[in-house]
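Colleague: Before we discuss the details, please show me the model, and then justify the terms you apply to it.

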Amino acid sequence: MRLDKYLCESTDLTRSQARSALLAGEITVNGEVIKKGTHVVRDGDVVQWDDETLAPIGLRYIMLNKPVGYECTLRNSQYPPVISLLDVDKRDRLHTVGRLDVETTGLILITDDGQWTHRIISPRHRCDKVYVATLAEPLPDNAEDLFAAGILLDGEDKPTLPAVLERVDERRARLTIQEGKYHQVRRMFASLGNHVLALHRERIGSLALDADLLAGESRYLTPIEVADLAQNGDVPV
Ligand code: URA
């Protein structure tokens, strides 16, 4: 990684402040003053700013149990962003992997790795997203078949990809979908004349929401969890 980028990643310096620190001779790599931002920092190099050793922030992969009342975007809204629930540095670099509605609860992934995000949300990669919906009305007998055949949602010109519906009880169903159209689950049930009263995401691909996380709590993914989810990208359909 270039030294100027490394400085921005590992400190609160902006690009121009990093450039000034370099020009002022405040930065050393392996004990040698380096003034050029283009200098390449390699694994094992010791970078210091005024004798303080800097460690870069690596890419971060976090799961959060989203409560009701939080937005997945950062736009100005009456609701706070889910990212505000995290106690981490450089929060503004993070984004959510897809979105959940303000009213939806459960598993949301948060990262600063755009490529990883793409592998999970691109419909080409057919990554399962599993929701439990609580419904206002009982389901019709043929609901499984209708969802498996794909549903033409209001305002769309192509039906949804086949989805798997499993009844939990009379008014609760577990639904597995592989895409993420706007309000998709709510609109799929609306197409049957039903209404979703509560929606909770319990799994994305191989990763289930950690049962130890209370609403609003988060934890970092393990390297194995990160790699397993990325494998969705190895077999695009
Ligand atoms: N589908 C919805 O309708 N809402 C969500 O939050 C996620 C999927």
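Colleague: What makes strand β9 (residues 164-169) and β10 a pair, and in which sense do they run?

Modeller: This is a predicted model, in which local features need pLDDT of at least 70 and side-chain atom pairs count only at pLDDT 80 or more, while totals for chains, interfaces and linings use all residues. Residues are numbered from 1 along each chain as its sequence is written, and side-chain values use heavy atoms, without hydrogens and water. Two strands pair if DSSP finds at least two bridges between them; β9 and β10 have five bridges in the antiparallel sense, so they qualify under that rule. Helices (H or I, at least four residues) and strands (E, at least two) are themselves DSSP runs, numbered from the N terminus. One bridge joins Arg167 to Ala173 in β10, and a hairpin of two residues links β9 to β10.

Colleague: Which sense of pairing do β8 and β10 show, and over how many bridges?

Modeller: They are antiparallel, over six bridges. Tyr131 has Leu175 of β10 opposite it.

Colleague: Why are β2 (32-33) and β4 (52-53) said to stand at the edges?

Modeller: The open sheet of four strands runs β2-β1-β3-β4, with antiparallel pairing. Each of β2 and β4 has a single partner strand, so one side of each lacks a neighbour in the sheet. Within that sheet, β1 (residues 27-29) and β3 (residues 47-49) are joined by three bridges in the antiparallel sense, and Val29 faces Val47 in β3.

Colleague: Why is Thr117 called buried?

Modeller: Buried means under 20% relative accessible area, exposed over 50% and partly exposed in between, with a 1.4 Å probe and protein chains only. Thr117 has 7% relative accessibility, so this residue of the model counts as buried. Arg124, in the loop between α3 and β8 (129-135), has 49% and is therefore partly exposed.

Colleague: What makes the approach of Thr117 to His95 a polar contact?

Modeller: The term requires a pair of N or O atoms within 3.5 Å; within protein, one must be able to donate a hydrogen and the other to accept it, and residues adjacent in sequence count only if both atoms are side-chain atoms. The side chains of Thr117 and His95 meet at 2.7 Å, so the distance criterion is satisfied. Thr117 lies in helix α3 (residues 114-121). Beyond four places in sequence, Thr117 touches His95, Val97 and Thr111, where contact means heavy atoms within 4.5 Å.

Colleague: Why are the buried residues of α6 placed on the same side of that helix?

Modeller: In α6 (residues 223-230), the buried residues are Glu225, Val226, Leu229 and Ala230. They cover an arc of only 135° around the axis, which puts them on the same side of α6; the arc is taken over directions from the helix axis to the C-beta atoms. The face turned away carries the exposed residues Pro223 and Ile224.

Colleague: Which residues of the largest nonpolar core touch the most other members?

Modeller: Of its 29 residues, these are Phe147, Leu165, Leu175, Met188 and Phe189. A nonpolar core is a set of buried Ala, Val, Leu, Ile, Met, Phe, Trp, Tyr and Cys residues joined through side-chain atoms within 4.5 Å. A second, separate core has 16 residues, including Val97, Trp116, Cys127 and Ala230. Outside its four nearest places in sequence, Leu165 has contacts that include Phe147, Leu175 and Phe189.
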